[in-house]
Amino acid sequence: MAEHAPRRCCLGWDFSTQQVKVVAVDAELNVFYEESVHFDRDLPEFGTQGGVHVHKDGLTVTSPVLMWVQALDIILEKMKASGFDFSQVLALSGAGQQHGSIYWKAGAQQALTSLSPDLRLHQQLQDCFSISDCPVWMDSSTTAQCRQLEAAVGGAQALSCLTGSRAYERFTGNQIAKIYQQNPEAYSHTERISLVSSFAASLFLGSYSPIDYSDGSGMNLLQIQDKVWSQACLGACAPHLEEKLSPPVPSCSVVGAISSYYVQRYGFPPGCKVVAFTGDNPASLAGMRLEEGDIAVSLGTSDTLFLWLQEPMPALEGHIFCNPVDSQHYMALLCFKNGSLMREKIRNESVSRSWSDFSKALQSTEMGNGGNLGFYFDVMEITPEIIGRHRFNTENHKNLFPWRVLSYTHQEPMDLEIMNFLLVERAAEPRRQVAAFPGDVEVRALIEGQFMAKRIHAEGLGYRVMSKTKILATGGASHNREILQVLADVFDAPVYVIDTANSACVGSAYRAFHGLAGGTDVPFSEVVKLAPNPRLAATPSPGASQVYEALLPQYAKLEQRILSQTRGPPE
Ligand code: XUL
């Protein structure tokens, strides 16, 4: 039968916080196989919740390294039992939760290179780690090390210019510094430190895999412009660190052929290539096939933005990573904590708990919301660090004329020059803080505010909307057409909807094809051109760019005003 015919493929792996997952993608870029192992459910002996152990201090969060190794044994056995034809795998790559670190004990390389095909991996690697519980991205116990690192390189902005981010507790350099300070013996017995991504690649290689530029950018250690470890950062974190990391490589590098262990035990072809593994966020960027100028907006519990950047401007917020599919370029990651929960709250408070009434409120109000702007941060926001709800209307001009012209998009067209003039006049007016808005105004103020903040902070990192810009929307709120219309209007770019449930895995398989095709010499977009296209969901309304070009600077100014009121004047 056709489905049993041999199908040449690449595998994409994802070692995420809660599970290990794999997909097989054929040469036409169809996903035809999926398997997963869930840590809490399938490996209960490790006693994790959500794949991690949260320690008593509430700040330290770790995962057992042998749980990850055993999960790989189980998933490979499941694939074998299901009849998966390993002999057709041309190449594989993978993703790992970012920032987590693995400490290989002296002698581990020897164990990796001499794996016996008769035994499972976890039986052979159990004595290979100097730290059995690895710090992961949810850990926030390294504030002291963060301050030390920033001080050593001349401050937070200097560190960001060098490595793409100010010091963050979860970033690996700070985690390594803590291990060195608190457990110097284990540190000195460590011959190699891997990220979760390069650790997983090492398991497949049967030898240490280098760290790739993109995931390496999440360590506060890599100079993202020069793509070399920063001596100043290494020195501030721990001694002899450079030799424990070894040089980083471009993300599309073939790091070697699969270990004979997998050839003999599972039937992989001996020439099957291992393409450098990377972080889950970079792998998702590949899975979504983001291109220059594009932006991906994930509208979930918190909202996340991925951007493709050419000329990054590292800042005190957000993260800039080397780009996983084009090593000349960059990507940025921005997190907004007040996402879906805030949208749900305003829905419950303002439009009787119904999403259809929420949509109606957006339909019945106009672009620019009559000058009413709002900031809604019930929990301390990350980008920017503001808490509370702050609403502004246009002083003394409540319900007065100029905003009414915006209804021209639905009625008679108005001369653009006149409209521009009115908008600029209107936008320049001072705004007054008010305590409440009517329900439908509240809904539009929330959604416009959320998207204006995204555009302003993306531009703060060097992002520019281009004529070919696509916005890729994913997550719960991407099912709401009216929300997507506001997104298209605020960014003045078309919005496409994309399912990203598997984007890190699928992106890893695409990256495997990219590495196989020659990596840096071949544009990634060429390799993935057969992949399914996202669905167009909204295009900008006429006049949107004039409205938001006038409003965006106002919103930014008000944000600064709230920040300075809550923080006090700058030193
Ligand atoms: C990114 C981050 C998380 C993890 C999740 O900086 O910490 O998104 O990568 O796996």
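The following dialogue introduces a predicted model through its ligand site, its sheets and two loop residues.

The model is predicted: local features need pLDDT of at least 70, side-chain atom pairs count only at pLDDT 80 or more, and totals for chains, interfaces and linings use all residues. Residues are numbered from 1 along each chain as its sequence is written, and side-chain values use heavy atoms, with hydrogens and water left out.

Trainee: Which residues are around the ligand?
Mentor: A residue is near a molecule or strand if one of its heavy atoms lies within 4 Å of it. By that criterion, the residues around the ligand are Gln97, Gln98, His99, Trp137, Arg170, Asp280, Asn281 and Leu333.

Trainee: How many residues of each class does the shell around the ligand have?
Mentor: Ala, Val, Leu, Ile, Met, Phe, Trp, Tyr, Cys and Pro count as nonpolar, Asp, Glu, Lys and Arg as charged, and the others, Gly among them, as polar. By class, the shell has two nonpolar, four polar and two charged residues.

Trainee: What percentage of the area that the ligand exposes when taken alone does the protein bury?
Mentor: Polar contacts (pairs of N or O atoms within 3.5 Å) include one between a backbone N or O atom of Gln98 and a ligand oxygen atom, at 3.1 Å. A side-chain N or O atom of Arg170 is 2.8 Å from an oxygen atom of the ligand, and a polar side-chain atom of Asn281 lies 3.1 Å from a ligand oxygen atom. Accessible areas come from the Shrake-Rupley method with a 1.4 Å probe. Taken alone the ligand exposes 290 Å², and the protein buries 85% of that.

Trainee: Which are the edge strands of the open sheet with the order 4-5-8?
Mentor: Strands (E, at least two residues) and helices (H or I, at least four) are DSSP runs, numbered from the N terminus; two strands pair if DSSP finds at least two bridges between them. The pairing in this sheet is antiparallel. Each edge strand pairs on one side only, and these are strand 4 (53–54) and strand 8 (133–135).

Trainee: What angle does helix 2 make with strand 5?
Mentor: Helix 2 (residues 65–81) packs on the sheet, in contact (heavy atoms within 4.5 Å) with strand 5 and strand 8. Axes are lines fitted to C-alpha atoms, for helices over the stretch in contact, and angles run from 0 to 180 degrees between N-to-C directions. The angle with strand 5 is about 45°.

Trainee: In the sheet of seven strands, how many bridges join strand 16 to strand 18?
Mentor: This open sheet has the order 17-18-16-15-22-23-24, with mixed pairing. Strand 16 (residues 303–309) and strand 18 (residues 330–336) run antiparallel, and Asp303 stands opposite Phe336. The number of bridges joining the two strands is seven.

Trainee: Where does Pro384 lie?
Mentor: A cis peptide bond joins Thr383 and Pro384, with omega about 0°. Pro384 lies in the loop between strand 19 (373–377) and strand 20 (388–394).

How values were computed: A polar contact is a pair of N or O atoms within 3.5 Å; within protein, one must be able to donate a hydrogen and the other to accept it, and residues adjacent in sequence count only if both atoms are side-chain atoms.
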